[in-house]
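Reader: I would like to practise reading side-chain and backbone features from a model. Could you take me through a few of them, one at a time?

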Amino acid sequence: MDTKKFEKPEYFVNRELSWLKFNERVLSEARDKSLPLFERLKFLSITSSNLDEFFMVRVASLKDQVHAGYEKPDIAGMTPKEQLREISAQTHELVRMQYSTYNRSLLPALEKAGLHMITEHESLSQNQKEFVDRYFEDNVYPVLTPMAMDSSRPFPLIRNKTLNIGALIAKKDRKKGKEVLEFATVQVPSVLPRVIEIPSDKADTRAVILLEEVIERNIGKLFLSNDVVCAHPYRIMRNADLTIDEDEAEDLLVEIQKQLKKRQWGEVIRLEAEEKMDKRLLKILKTEFDIKNEDIFSIQGPLDLTMLMKVYGLDGFDQYKAKKYIPAPVPEFQNDKNIFDVIREGDVFLHHPYMSFDPVVNFVRQAAKDPGVLAIKQTLYRVSGNSPIIAALAQAAENGKQVSVLVELKARFDEENNIVWAKMLEKAGCHVIYGLVGLKTHSKITLVVRREETGIRRYVHLATGNYNDSTAKLYTDCGIFTCDERYGEDATAVFNMLSGYSEPKRWNRLIVAPIWMKNRFLELIDREAENAKKGVPAHIMAKMNSLCDPVIMSALYYASSCGVKIDLVVRGICCIKVGIPGVSENIQVRSIVGDFLEHSRIFYFFNGGMEEVYMGSADWMPRNLDRRVEIVFPVEDEAIKKKVIHVLDVEFRDTLKAHILQPDGTYEKQDKRGKVLLNSQMEFCREAQEMAKKNKKDQKEHSRVFIPAEPAEEPEEQKD
C-alpha cells in the first residue's frame, strides 16, 4: 500500500483547531432552542469545562514547544507559534459566542421560566441587600483571607482555576504625603456554594446570586479604614501538563504526587478578567502573571460558566429538564442464575448507558464471594468517587483470592483519585501494578479465573469504556462477557505482560497496542483497498472519539482513492478532510453530540461479504496506537455481530443529532427535508427498554422464576 502521495499537509486539519470545532458543536446544542432550557445550560457548562482542560493541556504543551525553540510543523504544516496564533483567534471568538448565548438567549429564557439570575449586586432590592449582607456576615466573612501586596508582601500565589476578586486599595503614604493605590486579592472559596438562592421580589419567580457578587458587595469589610477604589473578579489557567521522567523516577507514585502539586504554580497561560475591570488593576495582573494580550480574555458576564451545572441542579424546574433515563436491565441477566452460568451459555453483549452497568459490577462482586474463584485481574483507568468495583476487589483480596489490579496513575486529572485507590487496594492485600514505563495502560479488561468441575475456566469482560459506574450512565460504550478459552488465554497473556514484561509470541484473538495494533488496522484497510481494485464491493465503517493518526488517515485516503466506501463517526478531533477529488470523495464523516457522550470504538470491514467487526479501547490517534497499552477485540458471535453493526447503522441514519463534515471543514446538521427524523441515542434507549420488557414477558409466559434486577441509579451530571 503506497500512501506517500496522500501525506501532503493540505490534506490534513490541525488537531487543536479540529478540537475547537468539536467544542463549537457542543456549543451549538446550548444554542438549540428546541432543547429543554436547563439542558442548554448543561451544554454551555460543558463547553466551559472543555475549554479549561484544552488550555491546561494542549495550549500549555504548545507553549512549552515554543519556549524550547521547537519549530517542526504538524501534519497540517503549522508550527507551534502558528497554531497558538490561530487558537487564540478562534478561542476568543468561541468565548464571545459562549457569552452571547448566555446573555442574549439563556438569561431571558430563565427569566421567563421563573428564575432570576442577579448578575450585578447593585441591582438588589433593599430586602435582598439585607439578606445578602447577613449571609455574608454569617457564612462567607469567616472563611475569607484577603491578601495585600506591598513592599513587605510579595504578590500572592494564585492557584490554578480558582476564582478570585482583585481590588485596588487607596492608602495614605505618610512619607510622600499623598494617596497611593495598592493591590489586594481574595479567593472566592470553593468550599461554599457559588449559586445562592435569595428572596425574590416577584411572585412566581425565584432569585439567585453568585457568591462573587456577594463578596464584591461587601469587600470593604475586608479592608477596614481603607477605601476600595475598585474590585473585579479574575481567574487564571496554569500549565497543568505533567512532565515525568519515568526512567529516573524510583517510585512512580511518589513522583506523580510531587508533580500534582506543581500544577498550582505552573506557567500562567490564560487570564480571564471581568470586561469592565479597571485598567490599572488589569495592568498589575498582566505584569505579575507575565501574560500577553492575546492570552487575556475579557469576559462579559460571570467567569467560569461551569457554575451553570449548579443552576441545573436547583430543585424544581423539572418541566425544563429532559426526563432522566434509567438504564434497562440486560436481558440475559433478568433471572436468578449465577452470572458465570449465564456467560457459559453464550457471549453477552452490553450497550451502555442504554443497558445497565450493574452486570459489570456484579461480575466482580460475585467473583469476590464465589468460593470457586481463584483470581481476579483488572485494569483501572478512571473509576467513580465511591466505586463499588474497588470495594469488591478489596473484599476479594480479604477473602483470600489472588487479586491483581493495574491502576493507571497517569490518567490525566484523575491521578490524585487513582493514587488514593491504589493505596487502599494495596492495604486490602491486592497486588497493584502502576503500569509500564513510558506507556499509559488504557485497555479495559477483567479476567476471573474459576475452578469448576471440568477444570479451570477463565471468564473475561472486554469493553470500550472505563470501569466507572457513574460515567457508565452518561457515556455510550460497548462490551462483552465471554468464557471462550481463546480470549481467556489472551487475557492471561495481557496481565502477564503488564506485571512481568512477558511479551507473548502470538495472540489468539486480541489485538494489542503499541506493538501489534496499528499494523493490523493497516492490513484490514489495505485488504478493502485490494478488494475495491478487483471490483469487489468494499466498505469500512468506524466509530471513535478522535481521528488524527497520519499513517491511518493516509491509508484511508488510499482506500478511498481505490473506491472503498468509508463511513466514519468521529465525536471529537477529526484531522481528515472529505471531498478532495481523487483522494477522499468516498469518505463521509459525522459527529454525534447528544444527551450522552459518544465514547464507544467500533470498527467494521466488509471483507468481501465475510464481515469483520472489532471493538476496543483505542482511537485512531498516535497516542493510542503508539504510546498506550490498548486492546481491540473481534466480535465473533454472529448474533452479537449483528447487534454491533446495527449500532453503526442507526448512528449513520441519525438526522437530529448528527453534524456532517463538509469539504470546507465546517460541520452542518443533517438536512431534514424528506428524511425520517431519528435521534440515535433515543432510539437505543427505546430499543433497550423494549428488549427488556419483551424478555420479561417471555419469561412469564414460560413460567420461569424471575427476580428483578436492582434498580439502576439515576444519571449524574455530565463531566466532559
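## Salt bridges, a helix face and some unusual backbone

Author: Let's begin with Glu638, which is partly exposed, having a relative accessible area of 48%. Please keep in mind throughout that this is a predicted model.

Reader: Happy to. Which residue does the side chain of Glu638 meet in a salt bridge?

Author: The general idea comes first: side chains of opposite charge can pair when their charged atoms come close. In this case the partner of Glu638 is Lys641, with 3.5 Å from N to O. Both residues belong to helix α17 (residues 638-652), where they sit three residues apart, or about one turn of the helix. Lys641 is buried, at a relative accessible area of 10%, whereas Glu638 is partly exposed.

Reader: Why does a spacing of three residues suit a pair within one helix?

Author: An α-helix has 3.6 residues a turn, so residues three or four places apart point the same way. You can look at another example in helix α2 (residues 37-67), where Glu39 and Lys42 are three residues apart and so are separated by about one helical turn. Glu39 and Lys42 form a salt bridge, their closest N and O atoms lying 3.6 Å apart. Here both Glu39 and Lys42 are buried.

Reader: How many salt bridges are there in the whole structure, and which one links distant parts of the chain?

Author: A search of the whole structure gives 46 salt bridges. For a link between distant parts, look at Asp52 and Arg270, whose closest N and O atoms are 3.2 Å apart. Asp52 is in helix α2 and Arg270 is in strand β8 (residues 268-274), with their positions 218 residues apart in the chain.

Reader: Are Asp52 and Arg270 buried or exposed?

Author: The cut-off for buried is under 20% relative accessible area. Asp52 has a relative accessibility of 4%, so it counts as buried. Arg270 is buried too, with a relative accessible area of 3%. The pair also belongs to a network of salt bridges that links Asp52, Arg194, Glu212, Arg235, Arg270, Glu272 and Asp304.

Reader: Staying with strand β8, what should I look at beside Arg270?

Author: Try Glu274, which is also found in strand β8. Glu274 has 12% relative accessibility and therefore counts as buried. Its C-alpha lies 8.5 Å from the C-alpha of Phe297, although Glu274 and Phe297 are 23 residues apart in sequence.

Reader: Now a charged group on the surface, please. Which residues gather in a patch of positive charge?

Author: The patch on the surface is formed by Arg31, Lys33, Arg104 and Lys112. Take Lys112 as the one to inspect: it is found in helix α3 (residues 80-112). Lys112 has a relative accessible area of 77%, so it is exposed.

Reader: How do I read the two sides of a helix? Which residues of helix α7 are buried?

Author: A good way is to look down the axis and see where the buried residues point. In helix α7 (residues 279-289) the buried residues are Leu281, Leu285 and Phe289. Viewed along the axis of α7, these buried residues fall within an arc of 55 degrees, so they line one face of the helix. The face of α7 turned away from the buried side carries Lys279, Lys283 and Thr287, which are exposed.

Reader: Let's turn to the backbone. What should I expect of phi and of peptide bonds in general?

Author: Most residues other than glycine have a negative phi, and most peptide bonds are trans. Asp304, a member of the salt-bridge network, has a positive phi of about 65 degrees although it is not a glycine. Asp304 lies in the loop between β9 (296-299) and α8 (308-312), and it is buried at a relative accessible area of 13%. Phe317 is another non-glycine residue with a positive phi, near 60 degrees. You will find Phe317 in the loop between α8 and α9 (339-345), buried with a relative accessible area of 9%.

Reader: And where are cis peptide bonds found?

Author: One joins His352 and Pro353, with omega about 0 degrees. Pro353 is placed in the loop between β10 (348-352) and α10 (358-369). Another cis peptide bond joins Ala513 and Pro514, with omega about 10 degrees. Pro514 lies in the loop between β18 (511-513) and α14 (517-533).

Note on methods:
Residues numbered from 1 in each chain as written. Predicted model: local features only at pLDDT ≥ 70, side-chain atom pairs only at ≥ 80, totals over all residues. Heavy atoms only, no water. Patch = residues over 30% accessible without salt bridge, like charges linked within 9 Å, V, L, I, M, F, W, Y side chains within 5 Å. Areas by Shrake-Rupley, 256 points an atom, 1.4 Å probe, with all protein chains shown as cover. Salt bridge = Lys/Arg side-chain N within 4 Å of Asp/Glu carboxyl O. Lys, Arg positive; Asp, Glu negative; His and termini not counted. Charge placed at Lys NZ, Arg CZ, Asp CG, Glu CD. Helix = DSSP H or I, 4+ residues; strand = E, 2+ residues; numbered from the N terminus. Buried < 20%, exposed > 50% of the residue type's maximum accessible area, 1.4 Å probe, protein only. Arc of directions from axis to C-beta.
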